Amino acid sequence: MIDKFKAVHAIEQEGKLNISISDLSIDDLFPGDVLIQVFYSTVNYKDGLALKGNKGRIMQKFPMIPGIDFSGIVIESNHKDFVAGDEVIATGWGLGETHTGGFSQLARVKGDWLIKRPDNISLKSSMILGTAGFTSMLSILELEDNYIKSKNGPVLVTGGSGGVGSTSILLLSNLGYEVVALTRSAKNLEYLLSLGASNVIYSDDLDSHNKLLKKGEWAAVIDTVGGDVLGNLIPSIKNNGCIAVCGNAAGVNFNTNVLPFILRGVRLIGIDSNFCPLERRNISWNRLNKYIKKLNLDLITTEVVLSDVFRVAQEILLGNIRGRIVVDVNNF
Ligand SMILES: NC(=O)c1ccc[n+]([C@@H]2O[C@H](COP(=O)([O-])OP(=O)(O)OC[C@H]3O[C@@H](n4cnc5c(N)ncnc54)[C@H](OP(=O)(O)O)[C@@H]3O)[C@@H](O)[C@H]2O)c1
């Protein structure tokens, strides 16, 4: 039994957060019925916000281990569905927010939060996908449930070079959709085309006129940036199109009007990967399992060690990270 381990640890000291890699013992983990040796985690946008040290914005209890997702092998289990040796994936459920999370060599969580690693998805590729790939698949499930088919027209993915953006482009293009990527910078052009985007457009070129309705261009949008970009796109959705609203990299507020909704039947659908029910999680991971062999994950993957998460967290908030960052938590 491992009783000492390393983790990123956030401690409150005189009203400020001190976050560093520390040597911890099992008692530092929050309660749960499954103990897991963690192999991989990832750096998501939310982890960037957490490591910035804003008390209460992401991490809400202290001392806390940040990291909103991980994969690993069960060491001990008092849960009926898991035994030692099972390979598992955890995303969300407040990990790294209200429950000790994935930037750690050990994790202890409720078995009800765990997904058994599907056959085709290795522990490493489960975290290359991680919360981002899972969120992309949840978004695609919503498009499918809303009858968005490839023949309906192009699907726009905003924040194209980011984690949710990159995995969405890979998945949608493999599913036969015509995918257009929206990005802020021409430096991402070749990358986005390599993922399967048929075209790339730039945020600066979006029609920023405050029209109630614009020419219907997009059958659907997977939106990871929110803010004015989202407000701009709603009048450009085709009849019966929909937008999966995932993120807020560009802001939380947007202006809109009722006409796209009542004249075109546009649907705005919120995606919450954090507390998504287990049944939907299983459907999503099974779909990812079905397609993963067709996805060239090398295109989107950068691997780092645990001590790199501080640097990567700063970069992700600056919008400088392309694709997915997978963290080998057993290297420092
Ligand atoms: N709803 C959910 O369950 C869920 C799950 C995962 C993530 N999210 C949210 O989804 C968003 C993306 O997450 P992520 O992990 O994919 O983050 P990410 O890797 O940082 O990707 C965000 C992308 O958005 C673009 N971007 C960044 N800052 C921007 C700005 N100020 N204005 C416009 N575009 C900007 C960048 O793409 P370009 O350089 O290509 O423009 C960036 O790569 C975040 O807001 C995150 O919190 C939500």
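Q: Which domains does the shell around the ligand draw residues from?
A: This is a predicted model, and in it domain 1 (4–117 + 298–328) and domain 2 (131–270) each give at least three residues to that shell.

Q: Nice. How many residues surround the ligand, and which are the closest?
A: There are 24 around the ligand, with Ser 161, Val 164, Thr 183, Ile 271 and Ser 273 the closest.

Q: How do the shell residues divide into nonpolar, polar and charged?
A: You get 13 polar, nine nonpolar and two charged.

Q: And which helices each supply at least two residues of the shell?
A: Those would be α2 (123–145) and α3 (163–174).

Q: What lies 2.8 Å from an oxygen atom of the ligand?
A: That's a polar side-chain atom of Ser 161. The backbone takes part too: a polar backbone atom of Ser 273 is 2.7 Å from a ligand oxygen, and a backbone N or O atom of Tyr 45 lies 3.2 Å from one.

Q: How much of the ligand does the protein bury?
A: The protein buries 87% of the 910 Å² that the ligand exposes when taken alone. The space the ligand takes is also the largest pocket.

Q: Switching to the backbone, which peptide bond is cis?
A: The one from Phe 62 to Pro 63, with omega near -5°. Pro 63 sits in the loop between α1 (45–51) and β4 (69–77).

Q: What about Trp 93, is its phi positive or negative?
A: Positive, about 60°, even though Trp 93 is not a glycine. Most residues other than glycine have a negative phi.

Q: Where is Trp 93 placed?
A: Trp 93 is in the loop between β5 (87–91) and β6 (106–109).

Notes: Residues are numbered from 1 along each chain as its sequence is written. This is a predicted model: local features need pLDDT of at least 70, side-chain atom pairs count only at pLDDT 80 or more; totals for chains, interfaces and linings use all residues. Side-chain values use heavy atoms; hydrogens and water are left out. A residue is near a molecule or strand if one of its heavy atoms lies within 4 Å of it. A polar contact is a pair of N or O atoms within 3.5 Å; within protein, one must be able to donate a hydrogen and the other to accept it, and residues adjacent in sequence count only if both atoms are side-chain atoms. Accessible areas come from the Shrake-Rupley method with a 1.4 Å probe; for residues, only the protein chains shown count as cover. On a 1 Å grid over the protein atoms alone, a cavity is a set of points where a 1.4 Å probe fits but cannot get out, and a pocket is an open set with protein on both sides within 12 Å along at least five of seven lines; lining residues have an atom within 4 Å of a point. A molecule sits in a cavity or pocket if more than half of its atoms lie within 2 Å of its grid points. Helices (H or I, at least four residues) and strands (E, at least two) are DSSP runs, numbered from the N terminus. Ala, Val, Leu, Ile, Met, Phe, Trp, Tyr, Cys and Pro count as nonpolar, Asp, Glu, Lys and Arg as charged, and the others, Gly among them, as polar. Domain bounds come from an automatic or database domain assignment.
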